[in-house]
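Work through the exercises below with the coordinates open. Each task is followed by a solution in steps.

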Amino acid sequence: MMVSLKTCFPRGSMEASRGNVQSAEQRAGMKKTKKTDKKRSKQDEEDEEEDQPFDLNSKAMEEDEDDDDLSDSEDSVYSGLEDSGSDSEKEEEEEEGGSDDADEDEQDQSEQSPVKESKKKEGAGEEKEMKKEDEYDHDTSDEEDIRNTVGNIPMEWYKDFPHVGYNLDGKKIYKPIRNKDELDDFLEKMENPDYWKTVHDKKTSSDIVLSDEQIELVNRLQRGQFGDVNFNEYEPTVEFFSKDVLIHPVTNRPADKRSFIPSLIEKEKVSKLVHAIKMGWIKPRRVEDDSRGRFYDLWASENSSILAKHKMHLPAPKIPLPGHEESYNPPPEYMFTDEEKALWEQQDPSDRRLPFVPKKYPSLRQVPAFSQFIHERFERCLDLYLCPRQRKMRVNVNPEDLIPKLPKPKDLQPFPTTQSLVYRGHSGLVRSISVSPSGQWLVSGSDDGSVRLWEVCSSRCMKTVQVGGAVKSVAWNPNPSLCLVAVAVDSAVLILSPALADKQVLLSSERLLTTQQEEEEPSEESQTVVWSETDGEELNQGIRLKIQHPKAVHQVTWHSKGDYLASVMPDHSSHLQVFIHQLSRRRSQNPFRRNKGLVQAVSFHPIRPYFFVATQRSVRIYNLVKQEMTKKLQANSKWISSIAVHSGGDHVICGSYDCRLSWFDLDLSTKPYKMLR
Amino acid sequence: MSQLQARFFTEDQRYVVDDVPFSIPAASEVQDLSNVINKLLEAKHASHSRVEFDFLVRSQFLRTQLATHMETEGISTEDVVELEYVQRITAPEPEECMMHDDWISSVDGDSEWILTGSYDKTARVWSLEGKALMTVAGHSDVVKDVAWVKRDGLTSLLLTASLDQTVLLWEWNSERNKLKARHCCRGHTGSVDAISTDPTGSKFCSGSWDKMLKIWSAVPTDEADEVEEPADRPRKKQKTQQLGLTRTPLMTLSGHNEAVSSVLWCDSEEVCSASWDHSIRVWDVEAGVMKTMLTGSKVFNCISYSPLCRRLASGSTDRHIRLWDPRTKDGALVLLSLTSHTGWVTAVKWAPSHEHQLVSGSLDNLVKLWDTR
């Protein structure tokens, strides 16, 4: 019963209020709720028929809820929320028309209970106050329209009717009498000066004349300005934070404690990262290697020769820039004084400090043509043409360095410095020695009438040949395929076969000696020079041939081929001083017809067919093929004693009795290249 | 400074003295030190007879005053000087004189016999007592070098090289004292100046004046090698000259520019030759090529190699004995130069048992024993 009482109360009050004269709007709202109640009850009835058990449950629920709702006020039913929620359905529901109010109350309860629940969660008291405030607001806002009692319905519904609605008693509310027609309106417009600011209020059907402030407000709004006149929209902004360091803190809030305490979370995070880096899960960001790829050596592939060329390049000489004295208006200190000018004129053009006289003109226009122009251009071209455009490499060489250093005597070895071996055996003066071409043997001739053959390396005397006379000269055949020694004894030349060689060599020399060449015609020389073969004792000793000369033979010498040998018999009065013997044909000839002086020594050229004849003062060189003298070497000595030719054939050295050596270079001159003492 | 602290030691067990430092005068010479040692030994053994000693300071012989030596060698005189002493080798006295008719060109010793080559165209075998056992005659010219090849019981093989361009291989039976020329080695075109047999006795090498080295087999066989004889040579004459079977060289090593003066086998595969062209060449016998060349500045007369110290000693005509290391590739590096001869050094020989000693003979009529320390 309590439930029904409570729920009935609002309805009762509603009905009570119906009787009261209330605002039209309130009344309209009431109507609405009624309608919605009806509609809902109808829906619920249909629902109930279908789902009876559910309904039972819901009823039980309702009872519980009712207890909770004890404190709730009846006003909650009229909450705006519910109203607005049902608004959309209003028109359709009204058409359905009639409804019975039998179980309306209970259904209302069930319908509204969830809403109540939601409301309950917010504070109940608060809600009451809000409701009250809403009502007041509603009242105040509707204060102007207090005379419109028709409600919030479209006015066009009543356009063709004289009334605009109904009052609580069901009487028509008539429209206010409008006695103004178009004409009146026009007249009004013409006559009333305030017509332009008169606004017709449809709701109250009254004309309102706007005040100046209102018009101003309208204008401002139309211009898009603020409605409030006093509002300054261009007020300068006050920066809350600025670059200026202020004395006081922006906020007076004390620093947090956490700003002093290391963050545990961060620490954990960092330690995780560190661990990950240590384990190698995270690779620290690699530093880009800048050295490669960022920069390019543009000149890397430059040819060094080009660079060298550039280095050697000399730029063309530049013309000196014009100075003040070349100006058309030179400063007075550059102008020549009379003495300077006189000096300039006296000087040679090449000595002048300036090639012109500075002149002053009042203006640039009056400067005449430069008379020296062609000359100056020519000089410039000459400069360009004559100046060296390439760096010349000058080598700084001390002239002393260009002279080859004299070798130390130590480096010139071997030459005899100490006695190594003594070949002992001769009992007389040893006049002559000669070494075999192989270097293994040495032959020596002595005054004791013997020729000895020595082994060079051991100083062993291998053989001694008694020739029965003082040996003046010995000569070993220079041909390595022959083994023969020529010995000059008294007036004979002996050909000795020492038999100290390979068998082949011995055979070949044997063959040479045994080839008998019959003399075709006995010449003059053949009478003077007699070839004879030895026999008996001499043959056993190795003496093979004997060439008997008319006079005492002083020297024998072999040609390098080993077939010819020359013998010298110095004699003032005869032209028979030199004989050349050919061994293979056993022939002798005297090459010289006339006596050119006392012949001291002769020598064959080692390569070319030249024959050197040394007389007392000079050496004559004869060409054996052309049979003429080619050169005469002047030895600056008094008495030439001996002559030797270098194996290359270019150098001749002469010894003399005045303790001198004359060294001739045959390519140079007939004078000695060097004199050695 | 007048006194020095010295400690004496020796490797010769006969002359050991107590290992205590002595204070000796700094100016003392070898003779003084020798007296000191003799005094010490006399104190130790009553029966000690006087022995002359030589002293080595840090492996160098003491030849001057002790203080002077140490000063020149830069040895500190503050510390105790270690003095090694060895018995002085005195000049040997000739025991036997074996008279030849002519100059002796070469000597080679065996354990029982001595073989000599002479300029009288013969070689002779002597006993150690100086008795001439056998005269090896067969060469037509001077015997330049002799060598023992192998001794097989009573028969021995010996070689004689001669100026007649041949090397003869002889077989000598010592019991019956019979000699037989087994082979006549022909091929050289100059006098054969040096021969050397290899360690195994199966090969020998000869060096000649014709600048060649030839390797021959030293094994006697009964077959003659084929020789291209000149056709025009009288057949009869050759027959009479022939002594033993003709043998041709296994290999010819040419490269020297002058006469080969000395050859020797360094080891079983290496032949070392010295020449008058100022070079010592080491040849590989297997390949027949030159391995290394040591270039000197003088004519080499003789060389000797010691497997103990692995040094090559050479005697030159400039009276120096030079020591070489044959293993150096570039050559021309003289390790040591020994100078005191006044004539050509014609023979050098390393001591077969001593690392530092070598003996040299010279044309100044002296034979010198050197200690390279």
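**Exercise 1. A sheet of three strands in chain B**

Task: In this predicted model, find how strand β28 (residues 357–362) of chain B pairs with β29(B), and over how many bridges. Then place both strands in their sheet.

Solution.
1. β28(B) and β29(B) run antiparallel and share 5 bridges. One of the residue pairs joins L358(B) to W370(B) in β29(B).
2. β27(B) also pairs with β28(B) in the antiparallel sense, again over 5 bridges. Here V345(B) has S362(B) of β28(B) as its bridge partner, and the hairpin of β27(B) and β28(B) has 6 residues between the strands.
3. The result is an open, antiparallel sheet of 3 strands in the order β27-β28-β29 (chain B).
4. β27 (345–350) and β29 (367–371) of chain B each have a single partner strand, so they stand at the edges and one side of each lacks a neighbour in the sheet.
5. Direction ignored, neighbouring strands of this sheet are turned by 20 degrees against each other on average.

**Exercise 2. A sheet of four strands in chain B**

Task: Give the strand order of the open sheet of 4 strands in chain B, and identify its edges.

Solution.
1. The order is β14-β15-β16-β18 (chain B), and the pairing is antiparallel.
2. The edge strands are β14 (192–197) and β18 (251–254) of chain B; each has a single partner strand, so one side of each is left without a neighbour in the sheet.
3. From one strand to the next, the twist averages 20 degrees.
4. Within the sheet, strand β15 (residues 203–208) of chain B and strand β16 (residues 212–217) of chain B form an antiparallel pair with 5 bridges. C205(B) is bridged to I215(B) in β16(B).

**Exercise 3. A hairpin in chain A**

Task: Describe the pairing of β5(A) and β6(A), and state which residue of their hairpin takes a positive phi.

Solution.
1. Strand β5 (residues 430–435) of chain A pairs with strand β6 (residues 441–446) of chain A in the antiparallel sense, over 5 bridges.
2. V430(A) lies opposite S446(A) of β6(A).
3. The hairpin has 5 residues between the strands, and G439(A) takes a positive phi near 85 degrees.

**Exercise 4. Helix α10 of chain A**

Task: Check the span of α10(A) against the value expected at 1.5 Å a residue, then examine what lies at its two ends.

Solution.
1. The expected span is 1.5 Å times one less than the number of residues. For the 16 residues of α10(A) this should be 22 Å, and the end C-alpha atoms are 22 Å apart, which agrees.
2. At the N-terminal end, S263(A) acts as the cap: one of its side-chain oxygens is 3.4 Å from the backbone nitrogen of I265(A).
3. Just after the helix, G280(A) has a positive phi of about 85 degrees.

**Exercise 5. The interface**

Task: How many residues of each chain are in contact, and what area is buried between chain A and chain B?

Solution.
1. The contacts involve 18 residues of chain A and 20 residues of chain B.
2. About 1,700 Å² is buried between the two chains, with carbon and sulfur atoms giving 52% of this area.
3. On the chain A side, Q440(A), R460(A) and K503(A) lose the most area to chain B; together they account for 32% of what that side buries.

**Exercise 6. Confidence**

Task: Decide where the coordinates should not be read in detail.

Solution.
1. The model scores ipTM 0.75 and pTM 0.54.
2. Chain A has an average pLDDT of 73, with 71% of its residues scoring at least 70. Among the elements of chain A, the mean pLDDT is lowest (40) for helix α4 (residues 80–87) and highest (92) for helix α10 (residues 264–279).
3. Over residues 1–133 of chain A, pLDDT stays under 50, and the model has 90 contacts beyond four places in sequence for this stretch. Residues 139–143 of chain A are also below 50, with 1 contact beyond near neighbours in sequence.
4. Chain B averages 79, and 92% of its residues score at least 70. Its residues 228–241 have pLDDT below 50 and 6 contacts beyond near neighbours in sequence.
5. Where pLDDT is low, the predicted coordinates should not be read in detail.

Technical notes
Residues are numbered from 1 along each chain as its sequence is written. Chains are lettered from A and ligands numbered from 1 in the order in which they are written. This is a predicted model: local features need pLDDT of at least 70, side-chain atom pairs count only at pLDDT 80 or more; totals for chains, interfaces and linings use all residues. Side-chain values use heavy atoms; hydrogens and water are left out. pLDDT is the predictor's confidence in each residue, from 0 to 100. Contact means heavy atoms within 4.5 Å. Two strands pair if DSSP finds at least two bridges between them. Axes are lines fitted to C-alpha atoms, for helices over the stretch in contact, and angles run from 0 to 180 degrees between N-to-C directions. A polar contact is a pair of N or O atoms within 3.5 Å; within protein, one must be able to donate a hydrogen and the other to accept it, and residues adjacent in sequence count only if both atoms are side-chain atoms. Buried area is the accessible area (1.4 Å probe) that two parts lose on being put together, summed over both.
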